[in-house]
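Trainee: I would like to take a close look at the largest cavity of this model, and then to follow the chain outwards from there. Could you take me through that part slowly, step by step?

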Amino acid sequence: MPSSPSVATGPSTAPATRNRRADLLLVLAAVALAFWVTSGMWRDPNTRTITVNSSDQALFEWLLAFGGHAVTHGENPLFTHLINVPDGVNLAVNTSITAYAVVFAPLTYLIGPPATFLVILTLNLAATAVAWYWLLSRHLVTSRLAAGVGALFIAYCPAMVSHANAHLNWTAGWLVPLLIWGVLRLRRPGRALVGGVVLGVLVAVAFSIAAEGLFFTALALALFLLLWALHPARRAEARAALPNFLRGLGVTALVAGVLLAYPLWLHFAGPQRYHGTGFDPLIHSEDIAAYGSYPRRSLAGWAGLGTSLAPNPTEENSFFGIPLLLLAVACFVLLWRRADRAFRATLTALAVTAIVFAVLSWGPTAKWNGRLTDQLLPFGVLDNLPVINAALPARLALVVAPVIGLLLAYALDALRARPPRHRSTELVWALGFVAALLPLLPTPLLTSVREPVPAFITSGAWQRYVTPGGVLTPLPLTVDLYPDGQRWQAYALAHRQGEFRIPAGFFLGPGGPDGRGRIGPVPRSFSALMDQAGRTGLAPIVTEGSIRECRADLRYWGVETVVLPDRVHGAKFDVDEEAVRRTATALLGPPERVEDVWLWRVPPS
């Protein structure tokens, strides 16, 4: 298995000289950058939201509140009937972040879901840099500067900053270096039991936070290790380590299998599961031109050089820019020329892994500068395979960034160990690093003010209109475009007010085309009319037939109370509350004014 490389002479197991000051500087830099990226929300976490992805932010806030509530009340944290009544939601096939919800439950109860969400997001970014720095400085390179540059690039590369737009799962990049460390230490004699147990626990934690990320990490590690082991210079070493490695993997599989038996059953055979994904792989694939482009939330983007080649601002998974791509190639050439035959096996495996995942990230059909071509790509052949058909191809590009970070760290380590003979060459390298990395310096996430949770909820007034465990629905009904309902529910759960259930919700479940998943439930008449009114500002024509259908929908859901706040948060557009109120009045009669909401009581059937 790969060991700590000394590029000039081959593998070396000598640890880097301890330098507490360098370690402290790295931690401070990682924390400062994390606060810088999330700075727009720290002014007031309860009233500010991430502009481009407020729906995912509301979802993760709800998951934190629900997970903590489930654990403290003895409920199932992986399946719930609090949303999407009466069918419920299988959270094992969603991003349930169960580990975070459990660990941070005391904080959620203390400061609320929005502030806890922000704390975890900030910690994710900083911890990713620290974890990569630890792996690099303690196991892979001898220079703390090289380890710091590589770690900070990986943690704050365009993909990570992009996913910082509310993705608590993908920003948990600190899991990746720990998983790599856990896998590589299995090769050591006598480590099969302890190493397997540790790695099995890490796998279970990673699955509970970012199952898709765990899958990508496993694929990338498997490909890298296969390529490395097949290289003529490493075959003997790989063959000698294989028995220990396989015994460790067996223990890992046993431990992870026991810990994940129920979540895996729910995921593949439980109720409300689905096959594939609710997202179109043609849309959520990486544009080939994006690799040489700059992201929007960067110094280059601030200067007007950013592009919109990603499917949305949260999926800028490559966007390295031409200078960094050229620098990565130059680093590879430098390392190749200086490396012994054994370390060339590592370089080959890294390069092929990056190329394979880059090509797979282009999706089923090639896309260049926003235009689809007719060229079928490898992902188009693999897309129908189980598990792979649930992955978004664009996110496979996330594997490329750590490979580039490793090349940067290895190259800097080599340059510091044996500087160039000419001062001018050293200057060229320094300018190359600056020209490649400075434009990618992240800028803060875009944030904006969102509507507060109504006093009707925060005061507990809702309890007078909904029986314990009864059903309340906001208008329009809760989906990804209208996330208020889950925010209200999260507030009630985190502040120990009790439970109310809601129809619909923002989740992935069955009901999509060709048996695939979809976002939210299949719309019914009542939800469709409310969406039409809120989206267009035009109250639809209400007939006796539509009244009967809508009241049948409310009976199907068991709704007791319908609520419309003065301001509705629309994740993608402004909502016309007046049109929604007119439509609801035509369907349900005149509303009551309670606290700061309009309220309709639904008589029992």
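Mentor: What follows begins with the enclosed spaces and then moves to the helix, the loops and the sheet. Please keep in mind throughout that this is a predicted model.

A search of the whole structure finds three cavities of 30 Å³ or more, and the largest cavity holds about 730 Å³ of space. Its lining is made up of 42 residues, and those closest to its centre are Trp-132, Val-176, Ile-180, Thr-217 and Pro-402. Several helices each supply at least two residues of this lining, namely H6 (113-140), H8 (158-163), H9 (175-184), H10 (192-230), H14 and H16 (400-417). Among these, H10 gives the largest share, with nine residues. If you sort the lining of the largest cavity by class, you find 32 nonpolar residues, eight polar ones and two charged ones.

The second largest cavity has a volume of about 40 Å³. Its lining consists of Tyr-156, Cys-157, Pro-158, Val-161, Ser-162, Pro-295, Arg-297, Ser-298, Glu-316, Leu-440 and Pro-442. By class, the lining of the second largest cavity divides into seven nonpolar, two polar and two charged residues.

Let us return to H14, one of the helices that supply residues to the lining of the largest cavity. This helix covers residues 341-361, which makes 21 residues, and at 1.5 Å a residue it should span 30 Å; the C-alpha atoms at its ends are 31 Å apart, so the expected span and the model agree. After H14 comes Gly-363, a residue whose phi is positive, near 80 degrees. Further along the chain, Arg-371 belongs to strand E7 (residues 371-376), and because its relative accessibility is 68%, above the cut-off of 50%, Arg-371 counts as exposed. Arg-371 and Leu-309 are 62 residues apart in sequence, while their C-alpha atoms are 10.0 Å apart in space.

Positive phi values also turn up in residues other than glycine, and two of these deserve a patient look. Asn-84 has a phi near 55 degrees and lies in the loop between E4 and E5. With a relative accessibility of 5%, which is under the cut-off of 20%, Asn-84 counts as buried. The loop between strand E4 (79-80) and strand E5 (89-90) also contains Pro-86, and the peptide bond that joins Val-85 and Pro-86 is cis, with an omega of about 5 degrees. Ile-97, for its part, has a phi near 40 degrees and sits in the loop between E5 and helix H4 (98-103). The relative accessibility of Ile-97 is 0%, and therefore Ile-97 counts as buried as well.

A cis peptide bond also joins Leu-475 and Pro-476, here with an omega of about -15 degrees. Pro-476 is placed in the loop between E9 and helix H19 (484-494), which brings us to the sheet that contains E9. Four strands form this open sheet, in the order E9-E12-E14-E13, and their pairing is mixed. Strand E9 (471-474) and strand E13 (592-594) stand at the edges, and because each has a single partner strand, one side of each is left without a neighbour in the sheet. On average, and with direction ignored, neighbouring strands of this sheet are turned by 35 degrees against each other. E9 pairs with strand E12 (residues 559-565) in the parallel sense, over four bridges, and within that region Thr-473 stands opposite Val-562 in E12.

One open space remains to be described, and that is the second largest pocket, which holds about 500 Å³ of space. It is lined by 27 residues, and nearest its centre lie Arg-518, Gly-520, Pro-521, Val-522 and Pro-523. The elements that give two or more residues to this lining are strand E11 (517-519), helix H20 (525-536) and helix H21 (544-557), and the largest share, four residues, comes from H20. Sorted by class, the lining of the second largest pocket has 17 nonpolar, four polar and six charged residues.

Notes. Residues numbered from 1 in each chain as written. Predicted model: local features only at pLDDT ≥ 70, side-chain atom pairs only at ≥ 80, totals over all residues. Heavy atoms only, no water. Expected span 1.5 Å × (residues − 1). Pairing = 2+ DSSP bridges. Axes fitted to C-alpha atoms, helices over the stretch in contact; angles between N-to-C directions. Buried < 20%, exposed > 50% of the residue type's maximum accessible area, 1.4 Å probe, protein only. 1 Å grid on protein atoms, 1.4 Å probe; cavity = no way out; pocket = protein on both sides within 12 Å on 5 of 7 lines; lining within 4 Å. Points joined across faces, edges and corners; volume = space filled by probe spheres on them. Nonpolar A, V, L, I, M, F, W, Y, C, P; charged D, E, K, R; others polar.
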